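User: Hi! I'd like to talk through a structure with you, jumping around a bit as things catch my eye. Here it comes.

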Amino acid sequence: MPDRKRGDRGGRGGARGGRREPSEFSEATLSVDRVTRVVKGGRRMRFRAIVVVGNKKGKVGMGTGKANEVIIAVKKAATAARRAMIKVPLKNGTLPHSVELKFKAARIRLMPALPGTGLIAGGALRVILEQVGVKDVLSKRYGSRNKLANAQATLMALGKLKGTFVEEAPKAVAADGAPEMEAERSSKQMTEITKSEAEARNRAAKQGNIEE
């Protein structure tokens, strides 16, 4: 049998050796904090990561993860963010309407803006709006400076947005269920007549009823 080179696994390694297709979602680490948990044996030190995932086309999600290592915490947070994604309606690169929301001590206000305004936002609010794909927006943050509270309030505010959809006007339908033609509808439109013509038509109608 011919000798195989080291690393040559035949057809089995073809799928593993291929490159992965780039994902449409991008990740942004909002913060990595060191948290402490008091247990019976003392204090337990771990890392908490907050990650925002979005495709910059209206989908965004946020998740948190805790672990003894930063990398593992970030992976956990990214997985949680992909499972909790929401759809945000966009209109010409901005929001369809204004929205204001209060969550815990954080209060967020978002307003649509004209093209060219840019992202007037900062902190966690700016990171989330960038992942959503918003290009022009006005925002205001009140109260808490906690990144997690502000991020949660922002996602709740985005979830309250409602898209604007224009429904088509219903077509005119005849008695037999077929749509009427333009000529038929125009023939049924009212026409202006003089007072003398109206009196003459009324007399003719009365005479016709008497003859019958």
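User: Let's start with Arg126: what is its relative accessible area?

Analyst: Arg126 has a relative accessible area of 32%, so it is partly exposed. Keep in mind that this is a predicted model.

User: Which residue does Arg126 form a salt bridge with?

Analyst: Arg126 pairs with Glu130, and the closest N and O atoms are 3.3 Å apart. Glu130 is partly exposed too, at 35% relative accessibility.

User: Where do those two sit relative to each other?

Analyst: Both are in helix α3 (residues 124–132), four residues apart, which means about one helical turn separates them.

User: How many salt bridges are there?

Analyst: The count comes to four salt bridges. One of them joins the side chains of Arg82 and Glu27, at 3.3 Å from N to O. That pair links distant parts of the chain: Arg82 belongs to helix α2 (residues 70–83) and Glu27 to strand β1 (residues 26–39), 55 residues apart.

User: And are Arg82 and Glu27 buried or exposed?

Analyst: In between. Arg82 is partly exposed with a relative accessible area of 37%, and Glu27 is partly exposed at 45%.

User: What about Arg107, which partner does its side chain meet in a salt bridge?

Analyst: That would be Glu100, with 2.6 Å from N to O. Arg107 counts as partly exposed at 38% relative accessibility, and Glu100 does at 33%.

User: Switching to the sheet: which strands are in it, and in what order?

Analyst: It is an open sheet of four strands in the order β1-β2-β3-β4, with antiparallel pairing. The edges are β1 and β4 (85–87), each of which pairs on one side only. From one strand to the next, the twist averages 15 degrees.

User: How many bridges are there between β1 and β2?

Analyst: These two pair over 13 bridges, in the antiparallel sense. They form a hairpin with two residues between them. As one bridge in that pairing, Thr36 has Met45 in β2 as its partner.

User: And how many join β2 to β3?

Analyst: Eight bridges, again with the strands antiparallel. Ala49 stands opposite Gly65 in β3, and Gly54 faces Val60 in β3.

User: What lies across those strands?

Analyst: Helix α2 does. It lies across β1, β2, β3 and β4, and runs at about 145 degrees to β3. Arg82, from the salt bridge with Glu27, is part of that helix.

User: Let's go back to β2 and β3. How many residues are between the strands in that hairpin?

Analyst: Four, and Lys56 there takes a positive phi near 60 degrees. Asn55 is also in the loop between β2 (42–54) and β3 (59–67).

User: Asn55 in a loop, then. Is it buried or exposed?

Analyst: Asn55 counts as buried, because its relative accessibility is 10% and the cut-off for buried is under 20%.

User: What does the side chain of Asn55 reach?

Analyst: It reaches the backbone nitrogen of Lys57 at 3.0 Å. The backbone nitrogen of Lys59 also lies 3.0 Å from a polar atom of the Asn55 side chain. Leaving aside neighbours within four places in sequence, Asn55 contacts Glu24, Phe25 and Gln131.

User: New topic, the largest nonpolar core. Which residues touch the most other members?

Analyst: Leu110, Ile128, Leu129 and Leu158, out of 30 residues in that core. The elements giving two or more residues to it are β2, β3, β5 (99–103), β6 (106–112), α3 and α4 (147–159). The largest share comes from α4, with seven residues. As a general point, nonpolar side chains tend to be buried together in soluble globular proteins.

User: Which residues does Leu110 touch?

Analyst: Not counting residues up to four places away in sequence, its contacts include Leu95, Val99, Leu125, Leu129, Leu138, Ala157 and Leu158. Polar residues are on the list as well, among them His97, Ser98 and Ser139.

User: What other core lies apart from the largest one?

Analyst: There is another core, of nine residues, and among them are Ala49, Ala73, Ala77 and Ala78. You met Ala49 earlier, as the residue opposite Gly65 in β3.

Terms used. Residues are numbered from 1 along each chain as its sequence is written. This is a predicted model: local features need pLDDT of at least 70, side-chain atom pairs count only at pLDDT 80 or more; totals for chains, interfaces and linings use all residues. Side-chain values use heavy atoms; hydrogens and water are left out. Buried means under 20% relative accessible area, exposed over 50%, partly exposed in between (1.4 Å probe, protein chains only). A polar contact is a pair of N or O atoms within 3.5 Å; within protein, one must be able to donate a hydrogen and the other to accept it, and residues adjacent in sequence count only if both atoms are side-chain atoms. Contact means heavy atoms within 4.5 Å. A nonpolar core is a set of buried Ala, Val, Leu, Ile, Met, Phe, Trp, Tyr and Cys residues joined through side-chain atoms within 4.5 Å. Two strands pair if DSSP finds at least two bridges between them. Axes are lines fitted to C-alpha atoms, for helices over the stretch in contact, and angles run from 0 to 180 degrees between N-to-C directions.
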